[in-house]
Amino acid sequence: MRIALFVLSLSLAASGLVHAQEAARPAPTTLKRAQGDSLPVDSRGFIHRWFVLEPVPVAGRLTEPAVKEALKLAALPEAAQPREGTKVTINGAEHGWHALDTLHYNLNLYHFAWSLSKPTSNVLFWVETSIDAPREMQNVRLAIGSNAASRWWLNGEPVIALNDDRQSVIDDGLSPRVTLRKGRNVIRAAIINGGGATDFCARFLDEHDRPLLGLDTRL
Amino acid sequence: MLRKIFSLLAASFALPALALDGDVIVHDPSTIIFHDGRYYTYGTGAGIPILTSADGWTWNRAGSLMSAVPGGKAGPEVLAKGGNNTWAPDVIKVGDQFFVYYSAPGTQPKSAIGLLVCPTLSPEPSADKCEDRGPVVWSDGVEDSNAIDPGVLLDPEGRLWLVYGSYFGYIRLVELDPKTGLRRDPKRKPVNVAINSEAAILIHRDGWYYLLVTHGSCCQGANSTYNIRMGRSRKVTGPYLDNMGVDMIEGGGKLFAASRGRNIGPGHFGLLDLGDGVQKFSLHYEADLDRGGVSVLDIRPLLWRDGWPVAGDNLVAGTYSIESARTGTVLELAVQGSPVGGFRQRRGGPPGSGILGSGPPTPGAPPAGAPFAPQIGPPIADQEPAQVAANWPSVTGVRLAPAMLQAQQKWVIAPVAGVGGYLGAPYFRITIAGTERSLTATSRGELEATSFTGAPEQLWRIDQLIDGTYRISPKAVPNSNAPWALSAVGSSTPTLSTFDPASDRQRWRLGAP
């Protein structure tokens with residue numbers, strides 16, 4: 001494990017994501033670079049593999065109007081397709097995508113940004129993953145927790161909106177009943193943080209509100 | 001449309017707080033039985049009058065039970081051991097037959113309890129007739145007992161018990177044969193379990209037998225002192241002790257229900273176990289002051305606390321906070337809220353600005369000209385919808401959020417007239433105070449707030465659970481027959497889902513905002 005984290009730290013530093021003027025910060029202890037084609041959800045249904053974009057500075061206020069403003073300010077280019085090591089330009093600044101596996105049920109965005117010497121307060125994080133469903137699944141729900149406000153889309157449709165300063169609580173935000181199509185389903189989210197810790201977690205619940213298992217994530 | 005909405009609103013506030021609608025005059029009602037799509041209860045009176053209801057809310061008289069008995073009256077043995085009156089019955093279903101025990105007093109305490117065995121409770125003339133099986137127990141007019149007011153229990157082991165009695169001495173217990181409804185061992189001496197009370201009945205829960213009886217005097221209208229008391233025992237034969245350890249055979253009895261408000265003299269407890277953590281009880285009041293002081297049927301929530309049953313109260317119209325038992329957060333419209341009293345600076349504003357300091361101090365020296373000087377100010381007025389609702393969309397989602405006393409969190413819950421109800425209560429509408437935005441079930445089993453039209457998806461069944469929380473269910477969900485209830489599956493995202501009695505997800509607290 002220690003070796004893996006060291007390698008991640010080196011690779012993050014080598015990718016130029018760490019400010020050149022500073023000594024490289026330690027690699028996050030809760031994250032590692034995604035490896036392998038796919039990763040199943042865990043025994044509680046949590047999704048561990050995500051593309052995460054380096055934080056985009058926003059106002060950091062968390063009311064509903066402020067979140068809408070932040071989404072406009074930090075909008076992703078329409079053609080943006082996450083890929084490890086690629087960058088997108090937002091408001092004239094470049095932000096790199098990172099393919100990550102979280103070692104916990106949640107993905108600690110504070111660890112991610114801090115390790116890269118990026119800001120952790122008054123920022124918006126874009127995250128994205130793809131879920132492979134073995135068959136069509138009806139009446140399931142995306143269930144998330146986020147610190148702080150967040151917006152979530154499933155296959156391009158908005159499904160969850162949480163505002164205000166909040167802790168990341170399992171199954172805090174819940175989508176309406178949705179259908180997972182057989183094969184690839186794309187989850188995209190924006191998490192907006194005012195200050196302090198920031199993280200998120202996500203899983204699907206079945207029609208009986210139980211964690212949905214047997215799904216794979218594939219970036 | 002507006003006229004229709006206003007008329008619906010006016011009608012909804014016109015209902016009295018008392019539960020039950022229709023012809024609810026009854027005295028000494030039996031335990032309520034659900035059979036073949038209808039509820040039934042029987043009371044004191046000529047031929048044992050029947051009250052029946054299709055939904056448990058609106059009740060009607062439906063003739064008398066004795067009309068289904070050959071001869072139309074108690075049999076000769078009952079008449080000989082008791083008399084020609086028919087009072088205070090109790091009914092229980094055992095297997096595929098109904099046992100109806102009824103009081104047949106003569107000159108008290110000479111009395112008898114007779115048994116009718118009926119294949120159905122339908123009051124239709126074409127229905128199968130009941131069989132008169134004669135007297136089960138009786139009192140001879142000399143002994144310390146008055147054999148009226150039967151109450152029956154089928155315990156978890158399948159044993160059938162009868163308690164009976166009315167002043168003139170003891171409340172007594174005998175075992176019955178579940179196959180015949182008659183005494184299992186007629187030679188065995190009845191067990192005395194309480195004294196100088198009436199309307200006795202047993203219930204069982206978690207290894208305890210509870211004996212509920214009615215104390216005080218009946219039959220004097222608003223001057224009646226009826227009240228329901230109880231004791232409990234690990235053995236069906238007693239001793240039944242109250243919460244202070246006093247044996248009911250020595251006059252003990254923990255108070256369960258007494259007169260309250262305009263309902264005078266509660267008596268004749270009957271258990272209704274609806275399953276899924278919902279229990280209710282039937283009773284009569286000696287005098288309902290809102291109905292001219294007559295004796296009426298009521299059905300109320302039954303709660304449990306510290307191993308004792310507690311008489312719950314039916315929900316009355318009012319403004320409520322709807323709080324999730326899972327999260328402690330409250331139901332609100334999904335709109336941007338405004339703090340009560342307006343936005344305030346975290347520290348004091350400039351001198352003379354009128355902005356008072358509040359909140360914890362921040363590190364470092366205060367900014368120049370704005371010393372941190374908290375002061376007690378005048379009371380802040382409640383937030384009215386008119387102050388903040390101008391920009392609310394006409395249709396919004398709903399969500400859960402910390403209680404902040406904001407306008408989008410205050411719900412008026414009020415019964416709706418003319419749309420029926422369910423056991424013991426009418427359907428309610430749930431509307432943001434001062435607005436028309438009403439909680440509405442959508443076709444996919446989700447929730448939104450829209451203008452109130454009285455549609456079934458805007459009518460709500462609110463059942464109090466035995467722990468005091470509430471289950472809130474729509475009368476109907478468009479295009480669905482699923483038995484859904486308001487649910488905090490997501491801690492910030494209410495929805496509808498199947499009720500799980502073992503979970504806090506669908507338990508709600510209703511209280512002052």
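**Entry 1: the surroundings of B:His35**

I started with B:His35 and looked up what it touches beyond its close neighbours in sequence. Leaving out residues up to four places away, I found B:Tyr40, B:Phe98, B:Thr120 and B:Leu121 in contact with B:His35. B:His35 belongs to strand S2 of chain B, which covers residues 33–35. Its relative accessible area is 15%, and since buried means under 20%, I noted B:His35 as buried. A reminder to myself: this is a predicted model.

**Entry 2: chain B as a whole**

Next I stepped back to chain B. I counted three helices and 35 strands there. Of its 513 residues, 54% are buried. Chain B exposes about 21300 Å², and 53% of that comes from carbon and sulfur atoms. I also checked the contacts with a separation of 6 or more: 55% of them join residues 24 or more positions apart.

**Entry 3: aromatic pairs**

How many aromatic pairs does the structure hold over all chains? I found 15. One of them is A:Trp126 with A:Trp153, whose ring centres are 6.0 Å apart. Their planes meet at 35°, so I wrote this pair down as tilted. A:Trp126 sits in strand S8 of chain A (residues 123–133) and A:Trp153 in strand S10 (residues 149–154), 27 residues apart. A:Trp126 is buried at 6% relative accessibility, while A:Trp153 is partly exposed at 22%.

In chain B I looked at B:Tyr210 and B:Trp304, an edge-to-face pair with 5.1 Å centre to centre and 70° between the planes. B:Tyr210 lies in strand S15 (residues 208–215) and B:Trp304 in strand S20 (residues 294–305), so this pair ties together parts of chain B that are 94 residues apart in sequence. Both B:Tyr210 and B:Trp304 are buried.

Back in chain A, I saw that ring pairs join A:Trp50, A:Trp152 and A:Phe200 into a cluster.

**Entry 4: charges over rings**

I then looked for charged side chains over ring faces. B:Lys81 lies over the face of B:Trp138, 4.4 Å from the ring centre. B:Arg471 does likewise over B:Phe499, at 5.1 Å from the ring centre.

**Entry 5: where the chains meet**

Which residues of chain B lose the most area to chain A? To set the scene, the contact takes 17 residues from chain B and 18 residues from chain A. The two chains bury about 1300 Å² between them, with 34% of it on carbon and sulfur atoms. In chain B, the residues I was after are B:Gln336, B:Arg444 and B:Val489, together 35% of what that side buries. I counted two salt bridges between the chains. B:Glu446 and A:Arg177 form a salt bridge through their side chains, at 3.2 Å from N to O.

**Entry 6: backbone details in loops**

Last, I went through the backbone. The peptide bond from A:Asn147 to A:Ala148 is cis, with omega near 10°; A:Ala148 is in the loop between strands S9 (137–147) and S10 of chain A. The bond from B:Gln108 to B:Pro109 is cis too, with omega near 10°, and B:Pro109 lies in the loop between strand S7 (97–105) and strand S8 (110–118) of chain B.

I also noted a positive phi at B:Asp149, near 60°, in the loop between strand S9 (131–140) and strand S10 (151–154) of chain B. B:Asp149 is buried, with a relative accessible area of 3%. B:Asp276 has a positive phi as well, near 55°, and is partly exposed, with a relative accessible area of 42%. The loop that holds B:Asp276 runs between strand S18 (263–275) and strand S19 (278–288) of chain B.

Definitions and conventions:
Residues numbered from 1 in each chain as written. Chains lettered and ligands numbered in written order. Predicted model: local features only at pLDDT ≥ 70, side-chain atom pairs only at ≥ 80, totals over all residues. Heavy atoms only, no water. Helix = DSSP H or I, 4+ residues; strand = E, 2+ residues; numbered from the N terminus. Buried < 20%, exposed > 50% of the residue type's maximum accessible area, 1.4 Å probe, protein only. Contact = heavy atoms within 4.5 Å. Areas by Shrake-Rupley, 256 points an atom, 1.4 Å probe, with all protein chains shown as cover. Phe/Tyr/Trp six-rings, centres within 6.5 Å; stacked < 30°, edge-to-face > 60°. Lys NZ or Arg CZ within 6 Å of the ring centre and 35° of its normal. Buried area = accessible area lost by both parts, 1.4 Å probe. Salt bridge = Lys/Arg side-chain N within 4 Å of Asp/Glu carboxyl O.
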